[in-house]
Amino acid sequence: MSLSATNIKRPVLSIVISIVLVLFGIVGFLNLEVREYPNIDPPIITVTTTYVGANSDVIEAQITEPLEQSINGIDGIRIMSSTSREQQSQITIEFNLDKDIDAAANDVRDRVSRVLRQLPPDIDNPVIEKTDADAVPVIIVFVRSDKRNILDVNDFAANVVAEKIQTIKGVSATRIFGEKKYSMRIRLDPHRLDAYKLAPMDIENVLTEENNELPSGRIEGDNTELTIRTFGRLSQPPEFNNVIIKQDSSGIVRLSDVGYAEFGAENERNDVKGRGIGGVVVGILPQPGANVLEISDEFHKRFEEIQRELPPDMKAEVVYDFSTFVRKTVNEVEETIFVAFGLVVLIIYLFLRDWRSTFIPVIAIPVSIIATFFLMYLIGYSINVLTLFAIILSIGLVCDDAIVVLENIYSKIESGMSPMQAAFKGSREIYFAVISTTIALAAVFLPIMFLQGLTGRLFREFAVVIAGSVLISAFVALSLSPMLSSRLLKHHEPSWFYKITEPLFVSLISGYKKFLAGFLKVRWLSFIIMAGAFVVIYILGTTLKSELAPLEDRSNLRIGILAPEGSSFEFTKRYVREIGQYVIDSIPEAKFPFEITAGGGGNSAVNNGTVSIYLSEPEDRKRSADEIYKNLSKVINQFTGVRASLSQ
């Protein structure tokens with residue numbers, strides 16, 4: 001007994017199966033992540049090594065180069081780059097797309113362990129991390145104060161703002177740009193050090209020995225026991241200033257004799273300004289596969305709590321929210337889905353001109369589409385622009401099989417059969433035709449799964465979603481559609497709408513017959529038409545521009561600034577500030593421009609900066625981001641002394 005015959009005899013079974021498909025699809029839909037594009041992140045591993053006190057030349061020669069030589073022999077490396085800056089070496093290894101990231105991380109650990117003995121003995125152990133290529137901030141918050149110093153602002157941003165945000169489901173970490181951690185800085189006078197015959201290393205050794213809190217044991221009595229704690233940690237500048245650095249027959253030398261201690265920033269070679277005002281930037285990094293829209297919704301709830309806890313002299317504002325663009329894109333595609341569904345229903349009704357006949361193929365559309373979400377959930381796909389685009393195309397395909405089944409059954413009813421007999425005979429005649437056409441249609445899209453490289457990874461979800469929805473629609477067409485046809489279709493008097501429009505369809509059919517008969521007399525013209533079409537397609541195809549994805553107005557421009565080798569941090573900061581001020585004065589559409597200046601050192605890591613320009617919404621400004629980009633690109637090279645590049 002065929003699938004169609006079974007469902008015609010047992011209508012409750014076909015209804016239950018369809019309901020189960022819909023329920024599973026809804027469950028899958030609610031658990032799918034929402035992204036802009038499919039997850040096509042390449043496997044990226046970073047190796048970070050810290051060597052306190054070393055300059056960039058030492059880092060390059062003694063750490064970066066030995067590690068690079070060892071790592072370079074790993075199979076599957078696509079790109080390897082490194083940065084050597086003061087006290088830190090960072091090597092980034094990008095592998096081919098087909099490389100498993102866990103296997104890549106193990107290979108890197110193995111190669112790093114081989115060369116550890118060749119590295120300086122007092123370095124920190126290299127940190128090997130798997131990096132998400134999508135790990136860029138999706139939400140950026142700027143925290144500032146007109147009265148407090150930058151250390152207090154950073155402390156509030158790290159301990160209040162970041163603490164509340166980083167527990168949001170789906171957030172991987174929070175990153176603070178322009179971070180100014182509290183630290184104790186020792187300012188030494190080289191002339192006094194020379195007079196006392198001391199070196200900075202002597203000061204470091206003494207502070208390391210004296211600034212310790214060691215376990216001191218306990219005091220035991222007959223009935224009580226007390227733990228002894230020795231307060232050996234230094235926490236205030238006067239305590240550091242009173243530390244004895246040297247003691248001999250000539251006297252005692254304290255730290256205050258050769259310098260002084262003060263509270264300061266752990267890293268003084270970075271600077272962040274928003275609209276010309278100093279502050280810090282808190283960026284939210286999502287976990288791989290996290291739902292950006294859920295992160296944004298929960299963030300804005302918690303941000304309201306943060307605003308209530310803000311001191312009167314501090315301000316925190318959301319500079320950028322990437323989910324805004326993802327939400328707009330997804331909403332537009334969702335609207336298109338409903339428009340496409342409505343048009344398909346309208347077209348089917350206009351041609352069938354009967355609500356009973358229209359309902360049967362139309363009900364197959366939501367059942368097939370919703371069930372496809374469960375298939376996406378099982379495979380691990382996401383709701384993104386390409387999968388939603390696939391669903392839009394599928395709306396016009398999933399009803400084809402049901403229409404074919406319906407048409408064959410209805411023709412039997414018109415010839416005098418009962419609906420039940422027509423359903424059995426019509427579905428039996430069309431059974432293998434539906435299966436063969438469905439397989440042929442799925443075979444058109446499934447080969448995309450085997451494309452290699454970035455394009456193959458990008459369109460794999462698109463192909464699978466279309467092919468999966470078509471296959472599900474064939475099952476629905478052979479189960480639910482025959483059952484509904486046997487119960488809903490009847491041989492009855494045509495409606496008034498049918499009588500009015502029937503002459504039009506009769507004339508269309510007769511016109512098509514005459515045209516086809518005439519064309520068959522000169523059938524040789526078909527080869528000329530096909531050849532001409534191929535020529536036109538080739539000419540148009542070669543003249544079109546090619547790109548991976550169309551450039552969209554994201555209200556975001558970025559100016560990268562690279563200072564000449566040997567330039568100071570203050571020099572770089574001055575130029576970054578100058579470019580930032582130009583942006584403020586000349587681009588009224590700039591909702592929030594802020595500048596980040598980072599210090600390098602030596603020849604391997606020069607000072608650099610970034611001016612990020614977040615524009616107002618496209619509908620709220622007269623110029624597009626592309627127009628602003630073109631105007632900026634003409635002006636940006638006029639700033640002599642630095643190398644600036646503009647990106648959109």
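In this predicted model, helix 10 covers residues 292-309 and contains 18 residues. Its first and last C-alpha atoms lie 25 Å apart, close to the 26 Å expected at 1.5 Å a residue. Several of its residues are buried: Val-292, Leu-293, Ile-295, Ser-296, Phe-299, Arg-302, Phe-303 and Ile-306. These buried residues pack against both strands and helices. The strands are strand 5 (139-145), strand 6 (171-177), strand 14 (277-286) and strand 15 (314-321). The helices are helix 5 (150-165) and helix 11 (323-352).

Helix 4 was examined in the same terms. It runs over residues 101-115, which makes 15 residues. At 1.5 Å a residue these should span 21 Å, and the end C-alpha atoms are 22 Å apart, so the two values agree. Ala-104, Ala-105, Val-108, Val-112 and Val-115 are buried in this helix. They cover an arc of only 100° around the axis, and therefore sit on the same side of helix 4. The spacing follows a general rule. An α-helix has 3.6 residues a turn, so residues three or four places apart point the same way. A polar approach is found at the start of helix 4. There, a side-chain oxygen of Asp-100 comes to within 3.2 Å of the backbone nitrogen of Asp-102.

Helix 20 spans residues 625-636, with 12 residues. The span expected at 1.5 Å a residue is 16 Å, and the end C-alpha atoms are 16 Å apart, which agrees. Its buried residues are Ala-625, Ile-628, Leu-632, Val-635 and Ile-636. Seen down the axis, they fall within an arc of 90°, so they line one face of helix 20.

Single positions were considered next. Leu-207 belongs to helix 7 (residues 200-210). Its relative accessibility is 13%, so Leu-207 counts as buried, because buried means under 20%. Beyond its neighbours within four places in sequence, Leu-207 is in contact with Ile-186, Phe-240 and Val-243. Val-243 is 36 residues from Leu-207 in sequence, yet their C-alpha atoms are 7.8 Å apart in space.

Lys-197 occupies the loop between helix 6 (190-195) and helix 7. Its relative accessibility of 69% makes Lys-197 exposed, because exposed means over 50%. The backbone at Lys-197 has a positive phi of about 55°, although this residue is not a glycine.

Val-27 sits in helix 2 (residues 11-30). With 46% relative accessibility, Val-27 counts as partly exposed. Tyr-37 is 10 residues away from Val-27 along the chain, and the two C-alpha atoms are separated by 22 Å.

Two further residues are buried. Ser-469 is placed in helix 16 (residues 453-488). Its relative accessibility is 1%, so Ser-469 counts as buried. Not counting residues up to four places away in sequence, Ser-469 touches Ser-368, Thr-372, Ser-394 and Val-398. Cys-399 lies in the loop between helix 13 (385-395) and helix 14. With a relative accessible area of 4%, Cys-399 is buried. With residues up to four places away in sequence left out, Cys-399 touches Val-344, Ile-348, Pro-361 and Ile-365. Ala-157 is 242 residues from Cys-399 in sequence, and the C-alpha atoms of this pair are 55 Å apart in space.

The second largest pocket has a volume of about 490 Å³. It is lined by 19 residues, and the closest to its centre are Leu-352, Ser-357, Tyr-410, Glu-414 and Tyr-498. Helix 11, helix 12 (355-379) and helix 14 (400-414) each supply at least two residues of the lining. Helix 14 gives the most, with six residues.

How values were computed
Residues are numbered from 1 along each chain as its sequence is written. This is a predicted model: local features need pLDDT of at least 70, side-chain atom pairs count only at pLDDT 80 or more; totals for chains, interfaces and linings use all residues. Side-chain values use heavy atoms; hydrogens and water are left out. Helices (H or I, at least four residues) and strands (E, at least two) are DSSP runs, numbered from the N terminus. The expected span of a helix is 1.5 Å times one less than its number of residues. Buried means under 20% relative accessible area, exposed over 50%, partly exposed in between (1.4 Å probe, protein chains only). The arc is that of the directions from the helix axis to the C-beta atoms. A polar contact is a pair of N or O atoms within 3.5 Å; within protein, one must be able to donate a hydrogen and the other to accept it, and residues adjacent in sequence count only if both atoms are side-chain atoms. Contact means heavy atoms within 4.5 Å. On a 1 Å grid over the protein atoms alone, a cavity is a set of points where a 1.4 Å probe fits but cannot get out, and a pocket is an open set with protein on both sides within 12 Å along at least five of seven lines; lining residues have an atom within 4 Å of a point. Grid points are joined across faces, edges and corners, and a volume is the space filled by probe spheres set on the points.
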